[in-house]
Amino acid sequence: MSGELENRIRVFRAEHRLSQGALANHVGVSRKTISTIEVGRFVPSTVIALKIARFFQAPVEEIFFLKDDA
Amino acid sequence: MGTRIDMAEAVDQKLRLMALAMLLLAIRSASEACMMLVSEELAFYLDVLQIGLMVSAIGLMLHLAYWKLIKVPKHLRRLFSDPDGYIVEVLRKSCLTSWLSTLVYISFVGPVISKIWVEFPVKFFTESALFVMLGAFSLKFLSMYRGGNDPEDILDQAP
């Protein structure tokens with residue numbers, strides 16, 4: 001969506017052997033929300049970003065980062 | 001856990017039904033507007049088509065309402081209107097597209113048509129405006145919410 005926010009959700013999901021649907025349920029959103037965040041079509045709110053980071057027990061900036069920081 | 005995963009997926013599918021119901025209502029409005037342009041015999045068939053479309057749309061809405069109220073646990077109902085979810089973004093853009101399309105139609109297209117075909121009844125314009133409004137909303141919603149463009153998710157098959 002913004003073209004600047006990148007994420008490593010797919011990598012974290014793979015590490016945890018987790019599907020989009022399972023992650024969606026753990027975070028409390030629909031699967032579409034996770035899939036669109038993953039491909040960068042939807043920029044998540046701070047709340048969702050923090051919930052995802054908390055679920056993976058990782059700092060939020062390890063999952064979400066700006067393109068320039070990569 | 002399987003049921004919980006199914007719920008996240010099912011919410012997406014059921015929301016598409018809502019947009020589909022609106023698309024059916026849009027087609028119903030278009031057919032109502034067309035009734036003034038066609039022969040009496042064809043108007044009869046359009047009338048039957050309208051009843052079918054209306055019954056289908058109401059059926060979809062009732063199914064969605066029943067599923068949401070009976071099948072979805074209370075704590076998961078917020079998925080339908082979660083302010084942080086993708087659904088709100090889809091609704092916002094769909095409403096904007098619908099509003100702009102209707103505005104353009106009412107401001108520019110409608111007056112031009114009324115100048116060319118002065119004998120057209122007001123009902124034609126109200127029904128065609130409804131068609132534009134509902135059609136633009138549902139098509140935008142379905143295009144943003146379609147499932148086919150999801151990224152490949154091999155882990156969705158994981159146990």
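In the predicted model, helix 3 of chain A (residues 31–38) is largely enclosed by the rest of the structure, because 8 of its 8 residues are buried. The buried set comprises both charged and uncharged side chains by name: A:Arg31, A:Lys32, A:Thr33, A:Ile34, A:Ser35, A:Thr36, A:Ile37 and A:Glu38. The helix is followed by A:Gly40, for which phi is positive, near 80°.

Two residues of this helix, A:Ile37 and A:Glu38, are in contact with A:Asn7, a residue of strand 1 (residues 5–7) of chain A. With a relative accessible area of 17%, A:Asn7 falls under the 20% limit and is therefore classed as buried. Its side chain has a polar atom 2.9 Å from the backbone oxygen of A:Ile37, and a polar atom of the A:Asn7 side chain also lies 3.1 Å from the backbone nitrogen of A:Ile9. Beyond four places in sequence, the contacts of A:Asn7 further include A:Ile63, A:Phe64 and A:Phe65.

In chain B, a nonpolar surface patch is formed by B:Leu42, B:Phe44, B:Tyr45 and B:Val48, which together present about 420 Å² of accessible area. Of these residues, B:Tyr45 is located in helix 2 (residues 40–71) of chain B.

Cysteine residues were also examined. B:Cys34 is partly exposed, at a relative accessible area of 34%, and B:Cys95 is likewise partly exposed, at 43%. A search of the whole structure, over all chains, returned 0 disulfides.

Methods: Residues are numbered from 1 along each chain as its sequence is written. Chains are lettered from A and ligands numbered from 1 in the order in which they are written. This is a predicted model: local features need pLDDT of at least 70, side-chain atom pairs count only at pLDDT 80 or more; totals for chains, interfaces and linings use all residues. Side-chain values use heavy atoms; hydrogens and water are left out. A disulfide is a pair of cysteine sulfur atoms within 2.5 Å. Buried means under 20% relative accessible area, exposed over 50%, partly exposed in between (1.4 Å probe, protein chains only). Patches are made of residues with over 30% relative accessible area and no salt bridge: like charges are joined within 9 Å, nonpolar side chains (Val, Leu, Ile, Met, Phe, Trp, Tyr) within 5 Å. Accessible areas come from the Shrake-Rupley method with a 1.4 Å probe; for residues, only the protein chains shown count as cover. A salt bridge is a side-chain nitrogen of Lys or Arg within 4 Å of a carboxyl oxygen of Asp or Glu. Helices (H or I, at least four residues) and strands (E, at least two) are DSSP runs, numbered from the N terminus. A polar contact is a pair of N or O atoms within 3.5 Å; within protein, one must be able to donate a hydrogen and the other to accept it, and residues adjacent in sequence count only if both atoms are side-chain atoms. Contact means heavy atoms within 4.5 Å.
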